[in-house]
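Please read the numbered points below with the structure open beside you, and look up each residue as it comes up. The points take a helix pair, a ligand site, an annotated segment and some backbone details in turn.

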Amino acid sequence: MSFFGKLFGKKEKESLDQGLQKTKEGFLSKITKAIAGKSTVDEEVLDNLEDALVSADVGIDTTVKIIERIEERVAKDKYLTTNELNKLLQQEIEAVLVDAPENNSYNFGSELPAKPFVILVVGVNGVGKTTTIGKLAYNFKKAGKSVLLGAADTFRAAAVDQLTIWSERVGVPIVKQAMGSDPASVAFDTVQSGLAKGVDVIIIDTAGRLHNKAHLMDELGKIRRVVQKQIPEAPHEVMLVLDGSTGQNALEQAKHFTATTDVSALTITKLDGTAKGGVVLAIANQFKIPVKFIGVGEKMEDLLVFDKHEFVDSLFKLGN
Ligand SMILES: Nc1nc2c(ncn2[C@@H]2O[C@H](COP(=O)(O)OP(=O)(O)OP(=O)(O)O)[C@@H](O)[C@H]2O)c(=O)[nH]1
């Protein structure tokens, strides 16, 4: 059985298909239109396809890359049918999506690469960071793992309050301090407490102010250093949360955060509410960072481990 074999049961497939409904409708209808009335692939089909991908938020660079690969194939096989083109397109889209490195590939139920496994969560306010942390905690706990949260976004009282609500809802402990206290101090306490308790997973929330890059860099750098004082290899994951419904804006945020800190994985949220899901391809291609999770709704269950094959399969599937 493949790594994801067990993970992608009927329920997850349904959840993915439903969550991607809007993106699928836009994406598929554009591609169908691009090749309508044609039996073989010619210049016009490729031009239409290029337009279709760009307007589905796949981004220009990524679209050009995909189209070039298809052109190479068309040059070799002049009688490529539009049906074959569809399959080829799926393969090329899948090839754009990056895999997590083998020593850091995990899912909720699998053995984690380290104990405690420390995840630092970064991202701008409002993208669904807190909700994602709550969902991660729920899913890890459901899979039998012990989880500890750290509220190191001390800049806004609401951030600590919201994370506290999630910790109660999911039933996992949280380490917090008064609003305005040093985020690195909260991170230190969280790791110390996680080590003492022997937990499996530590998830630390951080502030995501964008207006001052130097400040953000200092803050994240300091958090990293205090975490490493206790666990030299940690954080094992720096997870950037992006709001998929903001399309190209999410790309801008990714640019900003990757320049500020070493981001090792992405979670793309709110894919359920948008037709802009193609942005997942643009981000993966541009930053070569694996997408680990996707948010497809507001409920605790609505966080899926990202499987590129299932994702592309769902994109090209009509209806539910
Ligand atoms: N539809 C949908 N809504 C989501 C998803 N993820 C988060 N949300 C909603 O997005 C809103 C913002 O989420 P938060 O988790 O509060 O965002 P945040 O980034 O922590 O922002 P602050 O709490 O303001 O720092 C909430 O209403 C969430 O319910 C998702 O995958 N799908």
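1. In this predicted model, helix H8, which covers residues 183-197, packs with helix H9, which covers residues 213-230, at an angle of about 25 degrees, and the two axes lie 8 Å apart. Angles under 35 degrees count as roughly parallel, and H8 and H9 are therefore described as roughly parallel to each other. The crossing in which H8 passes H9 is right-handed.

2. On the side of H8, the residues that make this contact are Pro183, Ala184, Ala187, Phe188, Val191, Gln192 and Leu195, while H9 contributes Glu219, Lys222, Ile223, Val226, Val227 and Gln230. Sorted by class, the contact of H8 with H9 holds nine nonpolar residues, together with two polar and two charged ones.

3. Which residues are the closest to the ligand? They are Gly128, Lys129, Thr130, Thr131 and Gly295, and they belong to a set of 18 residues that surround the ligand. By class, this shell around the ligand has ten polar, five charged and three nonpolar residues.

4. Two helices deserve a look at this site, since helix H6 (129-142) and helix H7 (157-170) each supply at least two residues of the shell around the ligand. The largest share of that shell comes from H6, with three residues.

5. An unreviewed UniProt entry places the feature "domain: SRP54-type proteins GTP-binding" at residues 290-303. Over residues 290-303 the model has 43% strand and 0% helix, and the C-alpha atoms at the two ends of the segment are 16 Å apart.

6. Cis peptide bonds should be checked by eye, and one of them joins Lys115 and Pro116, with omega at about -10 degrees. Pro116 is found in the loop between helix H5 (82-96) and strand E1 (117-122). Another cis bond runs from Ala234 to Pro235, where omega is near -5 degrees, and Pro235 lies in the loop that comes between H9 and strand E5 (237-243).

7. Where does Asp57 lie? Asp57 sits in the loop between helix H3 (43-55) and helix H4 (60-76), and its phi is near 65 degrees, which is a positive value in a residue other than glycine.

Definitions and conventions: Residues are numbered from 1 along each chain as its sequence is written. This is a predicted model: local features need pLDDT of at least 70, side-chain atom pairs count only at pLDDT 80 or more; totals for chains, interfaces and linings use all residues. Axes are lines fitted to C-alpha atoms, for helices over the stretch in contact, and angles run from 0 to 180 degrees between N-to-C directions. Helices (H or I, at least four residues) and strands (E, at least two) are DSSP runs, numbered from the N terminus. Angles under 35 degrees count as roughly parallel, over 145 as roughly antiparallel, 65 to 115 as roughly perpendicular and the rest as oblique. A crossing is left-handed if the near helix is turned anticlockwise from the far one by less than a right angle, and right-handed if clockwise. Two residues are in contact if their C-beta atoms, placed from the backbone, lie within 7 Å. Ala, Val, Leu, Ile, Met, Phe, Trp, Tyr, Cys and Pro count as nonpolar, Asp, Glu, Lys and Arg as charged, and the others, Gly among them, as polar. UniProt positions are given in the numbering used here, feature names are shortened, and annotations may be inferred rather than shown by experiment. A residue is near a molecule or strand if its C-beta atom, placed from the backbone, lies within 6 Å of it.
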